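Here's a quick tour for anyone meeting this protein for the first time. Have a look at the sequence and the fold, then read on.

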Amino acid sequence: MQSPAHIRLEGPPETATRSRAPFGHLSIDDLLARARVRLDRLTPEDAARELADGALLVDVRADMVRRAEGEIPGSLVMDRNVLEWRLDPCSTWRIDEAADHSLRAVIMCSQGYMSSMAAAGLHDLGLVRATDIIGGYEAWRAARLPVVPGGTMPGSYVATAPSPISLDPGGQRMLVDGAPVALTPLEFRLLTALLRGNGRVIPREDLRAGLGEWAGSRSRSVDLHVHRIRRKLGPRAAALLTTERGVGFRLRAIPAPVDSR
């Protein structure tokens, strides 16, 4: 079995002999050059700053590659074949973050080839702020920027630290230490919002607005659903879901410190 260092799934070989495309046709090198002319491509350091400022960093590498290479905390893992459907604000299957065409989406692959083509495709959908990272994940890691072990499920955000809680979007359920736990549709939406907070406090009003109206909804409905989720988590994982008094809720990657006062 090849080591991760020998896995190359994109980009031209270093010593490849390139032939000219037939007259009237474009080569893949031509298409790549045309794509990159449209992008304000980012260095890894610039991408890290934009991620901290709220940009959406989307990792489209395959699962086997992410597990071998690692992942970037705070990035959104997404299968390449659903990228346009998830980020197009006009799509029925868009994610919540794709609210309008002003979305700043930074696409990342291993070496920065596939990501350039994908970002240019998003420009065709009107997402003209979409771009990618020069050198991809390999350049990010070489710049000694934060990385964590791979394995995040597609459709989920990479945690800033290992967490016993993850979501299975296909099964509409959560996994606690790898064991599946059933959720109601409302509980799944609520936990999704908390996980996307990546350890930040999510105001109660924001969570309520995200859930919308439903039969029996009332002022403390979010609190009741959080209480039910805690009961399903079990003692150790439940300690990660904390109430921030007077503000909202937080799903931490590690337990909150005990107040000994």
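Let's start with Met-117, which you'll find in helix H5. Keep in mind as you look around that this is a predicted model. At 32% relative accessibility, Met-117 counts as partly exposed. This residue also belongs to a nonpolar surface patch, together with Leu-26, Ile-28 and Leu-31. Between them, the four offer about 340 Å² of accessible area.

**The big picture**

- The protein's secondary structure adds up to 10 helices and 10 strands.
- There are 261 residues in the protein, and 41% of them are buried.
- About 14600 Å² of the protein is exposed, and 55% of that comes from carbon and sulfur atoms.
- Take the contacts between residues at least 6 apart in sequence: 63% of them join residues at least 24 apart.

**Helix H2 and its surroundings**

- Helix H2 covers residues 44-52, and its buried residues are Pro-44, Ala-47 and Leu-51.
- Looking down the axis of H2, you'd see these buried residues fall within an arc of 60 degrees, so they line one face of the helix.
- Residues three or four places apart in an α-helix point the same way, because there are 3.6 residues to a turn.
- What covers the buried residues of H2? The cover includes strand S1 (56-59) and helix H6 (136-142).
- H2 has a salt bridge of its own, where the side chains of Asp-46 and Arg-49 meet at 2.3 Å, N to O.
- Asp-46 and Arg-49 sit 3 residues apart in helix H2, which means about one helical turn separates them.
- Asp-46 is partly exposed, with 27% relative accessibility.
- After H2 comes Gly-54, which has a positive phi, near 115 degrees.

**Salt bridges across the chain**

- How many salt bridges are there? The count comes to 15.
- One of them pairs Arg-38 with Asp-124, with the closest N and O atoms 2.8 Å apart.
- Arg-38 is in the loop between helix H1 (28-37) and H2, while Asp-124 is in helix H5 (residues 114-124), so this pair ties together parts that are 86 residues apart in sequence.
- Arg-38 is partly exposed at 38% relative accessible area, whereas Asp-124 counts as exposed at 59%.
- Arg-104 and Asp-40 make another salt bridge through their side chains, at 3.1 Å from N to O.
- That pair links distant parts of the chain, 64 residues apart: Arg-104 is in the loop between helix H4 (83-87) and strand S3 (105-108), and Asp-40 is in the loop between H1 and H2.
- Is Arg-104 buried or exposed? With 11% relative accessibility, Arg-104 counts as buried.
- Its partner Asp-40 is partly exposed, with a relative accessible area of 42%.
- There's also a network of salt bridges that links Asp-63, Arg-66, Arg-67 and Glu-71.

**Cysteines**

- How many disulfides turn up? The count comes to 0.
- Cys-90 is exposed, at 61% relative accessible area.
- Cys-109, on the other hand, is buried, with a relative accessible area of 0%.

**Arg-144, a residue with positive phi**

- Arg-144 isn't a glycine, yet its phi is positive, near 60 degrees.
- You can find Arg-144 in the loop between H6 and strand S5 (165-168).
- Arg-144 is exposed, with 77% relative accessible area.

**Around Ile-202**

- Ile-202 is part of strand S8 (residues 202-203).
- With a relative accessible area of 14%, Ile-202 is buried, because the cut-off for that is under 20%.
- Which residues does Ile-202 touch, leaving aside those up to four places away in sequence? They are Ala-193, Leu-194, Gly-197, Leu-207, Gly-248 and Phe-249.
- Ile-202 and Thr-243 are 41 residues apart along the chain, and 9.8 Å separates their C-alpha atoms.

Key:
Residues numbered from 1 in each chain as written. Predicted model: local features only at pLDDT ≥ 70, side-chain atom pairs only at ≥ 80, totals over all residues. Heavy atoms only, no water. Disulfide = S-S within 2.5 Å. Buried < 20%, exposed > 50% of the residue type's maximum accessible area, 1.4 Å probe, protein only. Helix = DSSP H or I, 4+ residues; strand = E, 2+ residues; numbered from the N terminus. Arc of directions from axis to C-beta. Contact = heavy atoms within 4.5 Å. Patch = residues over 30% accessible without salt bridge, like charges linked within 9 Å, V, L, I, M, F, W, Y side chains within 5 Å. Areas by Shrake-Rupley, 256 points an atom, 1.4 Å probe, with all protein chains shown as cover.
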